[in-house]
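Biologist: Could you walk me through this one and tell me how each label was earned?
Modeller: Gladly, let's put it up first.

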Amino acid sequence: MLSVRDLHVHFKVRGEGFFPEKRVLKAVNGVSFDLYPGETLGIVGESGCGKSTLARALLNLIPATAGQVVWLGRDMSGASSADWQAVRKNVQMVFQDPLASLNPRMNVLQIIGEPLRTHRPELPASEVLARVKAMLVRVGLNEAQLYRYPHEFSGGQCQRIGIARALILEPKLIVCDEPVSALDVSIQAQIINLLKDLQKQLNLALVFIAHDLAVVKHVSQRILVMYLGRVMELADKHELYADPKHPYTRALLSAVPIPDPKLERGKQIQMLSGELPSPLRPPTGCVFRTRCPHAFERCAAEVPALEAVNERSQAACWLYR
Ligand code: SF4
């Protein structure tokens, strides 16, 4: 479905002072993975680890600096905007802030119908109306809301409209960039269950980005863990939660609360020491080494590649070499 090889997204940043030197912020630094039809790949990591930049680079909303993105067998390196337009019929995005992602001057019919008017201009207005009505019902809204504007809806309803807009072209893949992090917990569950139901009905593949490990566990089959623009671990969900390989994944998982007071009290939390380093000055070698309790000499000298630890997981860590 999607094959990403050694993807880099770098930004030139102005320094400070009278004679500022130009610096490079490596937001995504050599990310590789594959995604299969009908699969959900969860992407997790702290704020600033490059998850959202990666999502946007997959769709060329931010141009990649280097690397290869292959959509449905087609290498998109150097593709024109017309080529990307053709790909976007099959690949859509759901954004983090549901209200901000909808145009406040457009009503629900115009918002959900817009992809059809862009990609299927041959469809008559009656057909667009019929498809938008059917999609509204599918995402749990109703026809009476067709001519309302975004400010008349709750956050959860706005996200349902965003999902309807993403689905109206019947895409093969949806990139969800933290689709529930701006919503209340009860609404989060509704939206996640809606996405899972639609995925089953339409055989959709999902890239699901979040910083909440419990949410990612609920929706994903495989999980990719990012830190400072690099992949630390990529593993089957059950393997990752039962036996995390990378020290960073272990620390992240130990901080997830257990909904049982007895187990929670007896749990050993592996605290991460220190602050997240600046992406403008990442540590040499393994980027996690300044906070890793197992760091040794080689970690500062060489970058560990993401390699298989067993058939269900890969980790970028010298402990496994
Ligand atoms: S490579 Fe070294 S510093 Fe990095 S996670 Fe492994 S042990 Fe820790």
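Biologist: What makes you link the ligand with a cavity, and which cavity is it?
Modeller: The ligand takes up the space of the largest cavity. A molecule sits in a cavity if more than half of its atoms lie within 2 Å of its grid points. As for the source, this is a predicted model in which local features need pLDDT of at least 70, side-chain atom pairs count only at pLDDT 80 or more, and totals for chains, interfaces and linings use all residues. Residues are numbered from 1 along each chain, and side-chain values use heavy atoms, without hydrogens and water.

Biologist: Why is that space called a cavity?
Modeller: Because on a 1 Å grid over the protein atoms alone, a cavity is a set of points where a 1.4 Å probe fits but cannot get out. The largest cavity holds about 80 Å³, a volume being the space filled by probe spheres set on the points. Its lining has 13 residues, and Cys286, Cys292, Ala295, Cys299 and Cys317 are the closest to its centre.

Biologist: Which residues of the shell are closest to the ligand?
Modeller: Cys286, Cys292, Cys299, Cys317 and Trp318 are the closest of the 13 that surround the ligand, where near means a heavy atom within 4 Å.

Biologist: Why is Phe18 called buried or exposed?
Modeller: Phe18 has a relative accessible area of 81%, so Phe18 is exposed, as the label requires over 50% (buried is under 20%; 1.4 Å probe, protein chains only). Phe18 is found in the loop between β1 (2–14) and β2 (22–35), with strands being DSSP runs (E, at least two residues).

Notes
1 Å grid on protein atoms, 1.4 Å probe; cavity = no way out; pocket = protein on both sides within 12 Å on 5 of 7 lines; lining within 4 Å. Helix = DSSP H or I, 4+ residues; strand = E, 2+ residues; numbered from the N terminus.
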